[in-house]
Structure formats: C-alpha cells, structure tokens
Amino acid sequence: MNKKAGPLFYVFLAVFVFVVMFPFLWMLASSIKPLSELFGEKAFSPFTSNPTLQNYVSVFVEYPFMRYLWNSFVVAGVTTVYTVLVASFAAYAIARLNFRGKPIILGVVLSVSMFPQIATISPIYIFLKNLGLTNSYLGLIIPYTTITLPLSIWILVTFFRKIPFDLEEAARIDGASLWQTYWKVIMPLAVPGIFTTAILVFIAAWNEFLFALTINTADKFKTVPVGIALFQGQFTIPWGEISAATVVVTIPLVIMVLIFQRRIVSGLTSGSVKE
Amino acid sequence: MPQTDIDPHKPIKVDKKTKKKKSDAKVGYLLVAPALLLILAISIWPVIQSFYFSLFDLRLNDPTKSSIHLDYQLDMDRYLQNYPFLIGAIDSEISKGNAADELGEIKTTLEELDGRIQEKPKAAENYDLINEKLDNFENIPEELKYVEIEKGVAEEFTTSVKDINSELKSINSAGELDQGDKIVGLASSLNDIVVEPNFIGFEHYKDNFSDTRMWKALWNTGVFTFISVLAELILGLAIALLINKAFIGRGLIRASILIPWAVPTAVAALMWKFLYDGQNGIVAKLFADVGLVEKMTVLLTTDTGAMFSVIFADVWKTTPYMALLILAGLQTIPSSLYEAASIDGANKWKQFLTVTLPLLKTSILVALLFRTLDAFRVFDLIYVLTGGGPANSTETISILAYKVMFSQTNFGEGSALSVIVFLCVAIISAIFIKLLGSELIKDGSGK
C-alpha cells in the first residue's frame with residue numbers, strides 16, 4: 001500500500017477537516033452576529049461587520065445556563081467516579097482472576113450495553129417519581145448507571161488484560177495478598193486505562209438526553225443538552241443565543257479532545273479490535 | 001455466591017493449587033457482585049417491569065389507573081361522600097311515608113353491601129379513618145383512598161347499585177319523593193366507585209400491531225437505520241483507507257474526527273436545525289444552489305426532505321466514529337501481507353478484496369453492530385431536529401414510545417412500544433452475534 005502522502009492528499013485532508021468542522025465554524029460566525037444579521041440576505045454571509053458579544057451575555061443572563069453547566073458537571077462527575085470504581089473491581093476480576101461463568105458475565109454486560117434506553121424508562125421514571133427523586137441529581141445518576149456501567153466494564157476488561165501477568169504472580173509469590181496486589185501492582189499500571197474510561201464515561205453522561213429530558217423537568221435541575229434543546233420557544237427560536245451556547249459547550253470539548261485524543265481513540269477502539 | 005469447585009461426593013483433596021483457585025473464585029465473585037447487582041437492578045429489572053407494565057392499562061393522569069393492580073378496588077373517599085347522605089335522605093323520605101316499602105328494601109340492600117365492604121379489616125380501618133378526615137374537611141391521601149375488595153363483593157356491588165339506580169329513577173319519576181333528584185344523584189354517584197383491575201393482557205400489543213402509526217414508525221426507524229449505517233460504513237471505510245498512512249498532522253485529523261462524536265447529539269441536532277432552516281439556513285441554501293433540493297424549505301417541511309436531513313446529520317456525526325473503528329482494525333493488518341500479495345501480482349483492488357476485507361471482517365461487523373443498534377434506538381437527534389415531523393414522517397419507534405408515555409401519559413401502551421423496540425434490538429443483536437461467532441466475548445486473557 002502507498003504509505004507516502006502526496007500534496008493531493010493534503011488537499012483532501014483540508015477539505016475533509018473543513019467539511020467536518022463547517023457546522024461549528026458557522027455557529028461560531030453566527031454567534032457574534034447581531035440579531036438583524038441572522039435573518040435575510042446577511043444570514044448567508046460568514047462574516048459580520050458589527051461583531052457583538054450580546055448573544056453570549058444573553059445566554060448567561062437570560063437563561064440559567066450557568067446552572068445547566070453546573071448540573072451537567074455534577075451529574076456527569078459523580079456518575080463517572082462511582083461507575084468507574086465499581087466497574088474497575090468487576091473488570092479486574094473478569095480479566096485476571098479464574099472463576100466460572102466469566103463468559104456469561106461478559107455476555108450479560110455486553111447485552112445490557114445494547115439495551116435501548118427507552119425500554120427501561122417507564123419503570124425507572126415511575127420508581128423515581130414514587131421516591132420523589134425526579135428533579136434531583138440522584139434521579140439522573142441512578143439511571144445513568146445503565147449506560148455507563150456496562151461501557152466501563154467493557155473497556156476496562158480490555159485494559160486490565162494488557163497488563164503483564166508475570167508482575168502479579170511475582171507479587172503473590174512475594175506474599176502480597178490479592179488486595180495488596182490490586183492496589184500496589186495492578187492499579188498503578190491500570191491508571192491510564194481507568195483515566196481513559198473515565199473520559200468516555202464522562203462524555204456519555206454529559207451528553208445523555210432521554211433520561212435528562214424526562215426525569216429532570218425543572219429548570220433548576222436541567223442538564224446542558226436538554227437546556228439548550230429547550231431554548232427553542234413555542235413560536236420563535238433564538239438562534240443567536242443557541243449559536244453562542246453551542247460554542248460555549250463545544251470549546252471545552254474541543255480542548256479536551258485535543259489533549260486526550262490518543263486516549264479517547266484507544267478507549268473507543270478497545271474491545272472492538274482483536275490484537 | 002455459589003462455590004461450585006468442590007464436588008461433595010468425592011473425597012476432598014486440597015493441594016495448594018486448588019486452594020488458590022478457590023480463593024480466587026471467591027474474591028472474583030465478590031468483586032463482580034456489586035456491578036452485577038447494579039446491572040440487575042437498574043437495567044435488567046426495569047426491562048422486565050416494562051414488559052409487565054405493558055400488560056396493564058396504566059395511565060398516570062387517571063387516578064384509578066395510575067398504578068398497576070390486579071384486584072378490584074373501591075374508591076372509599078367517593079363512597080363515603082355519597083353513601084351516608086344517600087341513607088340519610090332515604091331515611092327522611094321513609095319517615096315522611098314516601099314510597100316507604102320500596103325505599104326500605106333499597107336501604108336494606110345498601111346496608112348489606114356496606115357491611116360486606118367492611119368485612120375486610122383493612123377496609124374497615126380505612127373506612128373509619130376516611131370518615132374522620134371527611135368530618136374534619138381534610139384531604140384524603142391517595143394511599144387511603146383505594147381499598148381492595150373481593151371480586152364477588154365488587155361484582156355484587158356493581159349490579160346491586162345498578163338495580164337500585166333504576167328503581168330509584170322510576171320511583172322518582174312517579175313523583176313520590178320530596179328530594180327525588182338528590183337521591184337519584186347520590187345513587188348514581190355510587191356507580192363508578194368500583195375500580196376494576198387494569199390488567200388487560202396483550203391488548204396493547206394487539207392495538208399496536210393493528211395501528212398504522214406504529215408500523216410507520218417502525219418503517220421509519222428501519223429506513224433511518226439502514227441508510228445511515230450503510231452510508232456511514234462506506235464513507236467510514238473510504239476515510240479509514242485514505243488516512244491509513246503516515247502523514248503530517250495526524251493529530252489534527254484525529255481531533256477533528258472526534259469532535260462531532262464528542263458533541264452532545266442534542267446540540268448537534270440543534271446546530272443542523274439552524275443550518276437546514278428554510279429561510280436562513282446556509283446548508284439549505286447550498287443544497288438548493290447545487291440543485292440537490294428544489295427549494296430551501298424542502299429540507300425540513302417535506303417527508304423525504306426531513307428524512308434526508310436527519311440521515312445526513314447522523315452521517316455527519318457518526319461517520320468519523322466508524323472511520324476510527326475501521327482504522328484501528330486496518331492498523332492491525334501486517335504490511336507483509338500486502339507485500340506478499342503484490343509480489344504475487346495482485347493489484348490494489350485485488351489486495352483490498354483478498355487481504356483487507358477478510359481481515360477487517362470482525363472490526364467491520366463489530367462497528368456495524370454498535371452503530372446499527374445505536375441508530376435503531378435513535379431519539380435525541382430526531383426529537384430535537386424534527387420532533388418526528390412533518391406529519392410523523394421522521395417519527396421513529398423510540399420517539400413514538402416517548403410521546404405515548406410522556407405526552408399522552410399512557411404508560412401501559414408506551415411500555416408495550418418500548419418492549420417492541422427491545423425485541424427488535426434483541427433480534428438485530430442476535431443476527432450480528434451469530435455472524436460474529438463468539439469472538440466478541442472470547443476470553444482473551446491468553447490463559
């Protein structure tokens with residue numbers, strides 16, 4: 001296969017990146033336009049002669065957007081910490097200990113990760129409603145387990161399997177207990193994998209929509225995706241504010257992706273590729 | 001937790017190896033337990049319950065159907081707001097000598113029924129509690145209101161009350177009563193006091209399978225899934241093949257590939273809604289300018305336009321992910337295979353067919369499995385972008401289930417729809433897993 005890249009290839013790359021990034025660039029351009037330029041002929045011009053930050057101000061002043069960001073942050077953060085912890089125990093056992101029924105357990109985990117969320121929503125909603133947990137952080141953290149726990153077990157198992165077995169055996173021969181082996185030998189080596197899993201779990205929880213839409217309906221507990229989606233009023237859609245809000249949530253993501261891209265890719269592709 | 005390592009009928013020989021194995025198994029089960037319990041409680045149990053709910057006429061906005069109950073119940077609150085007054089009114093008519101015989105008989109029947117209702121200790125207890133609260137003009141809490149009664153009592157109550165009603169009506173129309181209208185009114189209020197069990201078996205499924213809206217939604221879901229996943233596979237494969245080489249700026253490409261994947265779907269959908277806008281959307285204008293669509297408004301206001309729009313947005317968002325998975329698969333193919341193939345005189349196309357594709361089979365199938373299931377349960381993208389419209393032309397089965405549950409508050413029917421989604425997903429997974437064999441969950445620990 002031709003492994004060298006010619007100039008034509010770079011043209012292709014440039015076009016590809018532009019097409020992929022175009023919607024974001026357009027949102028960025030629109031977010032600094034004054035209201036009058038979002039409609040009519042000027043709507044199609046990428047540049048404005050009167051740039052303004054009015055939309056950004058309005059997002060934070062007229063909408064409880066800061067609150068949405070905080071809610072998302074709390075829900076996604078707590079979900080990540082607790083699922084990754086629980087999953088790391090299970091994944092360690094599945095990847096490194098010998099006991100019966102491991103393929104069945106992995107099979108269950110995999111099938112659960114394929115469950116459509118809609119199939120669990122009615123009992124979960126009624127359950128949370130009866131406990132008075134709708135419109136609370138816990139009301140989202142609990143159902144998010146259905147999505148994040150199988151995902152993290154699945155990814156972590158792959159990472160744990162990559163750690164050489166000799167290390168563990170050496171530690172055991174030296175008389176270390178299983179618990180000590182786990183914390184002192186395996187854990188330090190598993191940190192990159194756990195960190196990768198945490199990033200993916202955080203993104204999954206941050207982006208979740210269906211549970212957030214149905215369970216937390218009060219403005220005080222809405223998360224970012226639901227908050228932005230419900231910016232649209234009955235008759236008008238405030239595109240200026242929506243563009244600004246989109247930019248605000250996308251920029252941290254872009255930074256995160258730029259920093260952690262290697263990890264994210266390794267997490268996404270782990271388990272799907274045999275080595 | 002089960003300890004199945006030891007056979008009780010054999011003499012137990014404990015050497016070091018099996019001892020270690022045993023403790024390993026114990027710890028293993030202990031470590032897996034929390035995760036499994038959580039999965040059981042928060043994922044598997046709700047699916048079973050969804051199925052159970054789907055057998056009931058469960059409506060959150062109707063107090064008599066807001067929970068599932070297999071038994072007959074009596075609305076005690078309503079009963080006690082009518083029964084004592086009815087007896088009182090009858091008594092006063094009897095004392096005035098109006099139709100005394102007939103009314104006397106009716107009174108006895110009513111009192112008999114009342115006695116039978118109070119036979120159950122729980123009912124008697126609530127009876128007094130509610131009476132007390134009614135006397136103090138307090139609100140009756142939901143959990144006191146409905147009292148279980150025997151099926152026989154319920155049926156007897158219903159028929160007797162019906163008879164009494166018609167009798168009272170005829171007595172009243174004969175003009176024999178002073179407060180005839182009041183008595184008839186009170187008696188007729190006793191009619192809807194018995195709450196029948198809301199178990200309806202497979203009615204919801206029968207309704208759904210004869211409902212064209214359900215089939216339309218299923219069809220839409222199928223079309224969306226098939227076209228978008230196919231497009232993503234072809235584009236993803238092409239992109240993966242193109243960027244599977246050394247070049248400057250790999251990081252930039254990888255990052256730009258990941259951004260559409262990482263952005264919340266709801267936000268991406270909103271973005272596309274802006275770009276597709278019939279008046280001011282730049283993508284709508286570009287599509288109209290190159291002649292892909294006739295008019296800018298076609299995209300979001302016509303059936304095929306809307307379906308095309310959601311598929312296009314989905315392809316934009318997830319092709320990069322597909323490309324990444326396939327690229328990872330490509331990178332595991334040793335280049336020596338291509339060298340060998342080219343020595344054998346195979347051209348690029350032949351190499352692709354004989355080396356790349358067969359070795360990529362697993363990667364592609366896994367990527368296809370995940371994407372197909374994801375696309376089949378699509379919700380946020382369509383909910384935000386079109387809301388299922390125009391005229392339900394992009395309404396998928398998940399959107400329909402959501403609307404039935406949360407807009408019509410019909411949880412029974414909605415649960416039936418969600419069970420249908422679940423079954424479809426199960427069938428799709430089964431097909432893929434059959435194709436994949438056991439490679440997905442193979443114990444790759446190498447031991």
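Here are some notes on the predicted model above, taken point by point.

1. Start with chain A, which is helical in its secondary structure: 11 helices and 0 strands. Read from the N terminus, its elements run α-α-α-α-α-α-α-α-α-α-α. The C-alpha trace of chain A spans about 75 × 65 × 30 Å along its principal axes. Of the 275 residues in chain A, 59% are buried.

2. Helix H7 of chain A, residues 165-173, is a nice one to look at end-on. A:Phe165, A:Glu168 and A:Ala171 are buried there. Looking down the axis of H7(A), you'll find that its buried residues fall within an arc of 125°, so they line one face of the helix. Turn to the other side of H7(A) and you meet A:Asp166 and A:Ile173, which are exposed.

3. Chain A also has a nonpolar patch on its surface. A:Val11, A:Val15, A:Phe18, A:Val19 and A:Leu25 make this patch, and its area is about 450 Å². To find it, go to helix H1 of chain A (residues 7-31), where A:Val15 has its place.

4. Chain B has a surface patch of another kind, a negative one. Its members are B:Asp101, B:Glu102, B:Glu105, B:Asp163, B:Glu167 and B:Glu176. Two helices of chain B, H3 (100-117) and H6 (151-173), supply at least two residues each. H3(B) gives the most, with 3 residues. One residue to pick out is B:Glu102, which is found in helix H3 of chain B. B:Glu102 is partly exposed, at 36% relative accessible area; the cut-off for joining a patch is over 30%, so B:Glu102 passes on that count.

5. Now for the salt bridges. Side chains of opposite charge can pair when their charged atoms come close. Over all chains, the structure holds 14 salt bridges. An example in chain A is A:Lys222 with A:Asp219, whose closest N and O atoms are 3.2 Å apart. Which of these partners is buried, and which is partly exposed? A:Lys222 is the buried one, with a relative accessible area of 12%, while A:Asp219 is partly exposed at 37%.

6. In chain B, have a look at B:Arg371 and B:Glu232, whose side chains meet in a salt bridge at 2.9 Å, N to O. B:Arg371 sits in helix H16 of chain B (residues 348-376) and B:Glu232 in helix H9 of chain B (residues 212-243), so this pair ties together parts that are 139 residues apart in sequence. Both B:Arg371 and B:Glu232 are buried.

7. Another pair in chain B stays within one helix. The side chains of B:Lys285 and B:Asp289 form a salt bridge, at 3.8 Å from N to O. Both residues lie in helix H12 of chain B (residues 282-289), 4 residues apart, or about one turn of the helix. B:Lys285 is partly exposed, with a relative accessible area of 25%, whereas B:Asp289 is exposed, with 55%.

8. A last thing to trace is a network in chain B. Salt bridges that share partners join B:Glu232, B:Asp314, B:Arg371, B:Asp374 and B:Arg377 into one network. You'll recognise B:Arg371 and B:Glu232 from the salt bridge in point 6.

Conventions:
Residues numbered from 1 in each chain as written. Chains lettered and ligands numbered in written order. Predicted model: local features only at pLDDT ≥ 70, side-chain atom pairs only at ≥ 80, totals over all residues. Heavy atoms only, no water. Patch = residues over 30% accessible without salt bridge, like charges linked within 9 Å, V, L, I, M, F, W, Y side chains within 5 Å. Areas by Shrake-Rupley, 256 points an atom, 1.4 Å probe, with all protein chains shown as cover. Salt bridge = Lys/Arg side-chain N within 4 Å of Asp/Glu carboxyl O. Lys, Arg positive; Asp, Glu negative; His and termini not counted. Charge placed at Lys NZ, Arg CZ, Asp CG, Glu CD. Buried < 20%, exposed > 50% of the residue type's maximum accessible area, 1.4 Å probe, protein only. Arc of directions from axis to C-beta.
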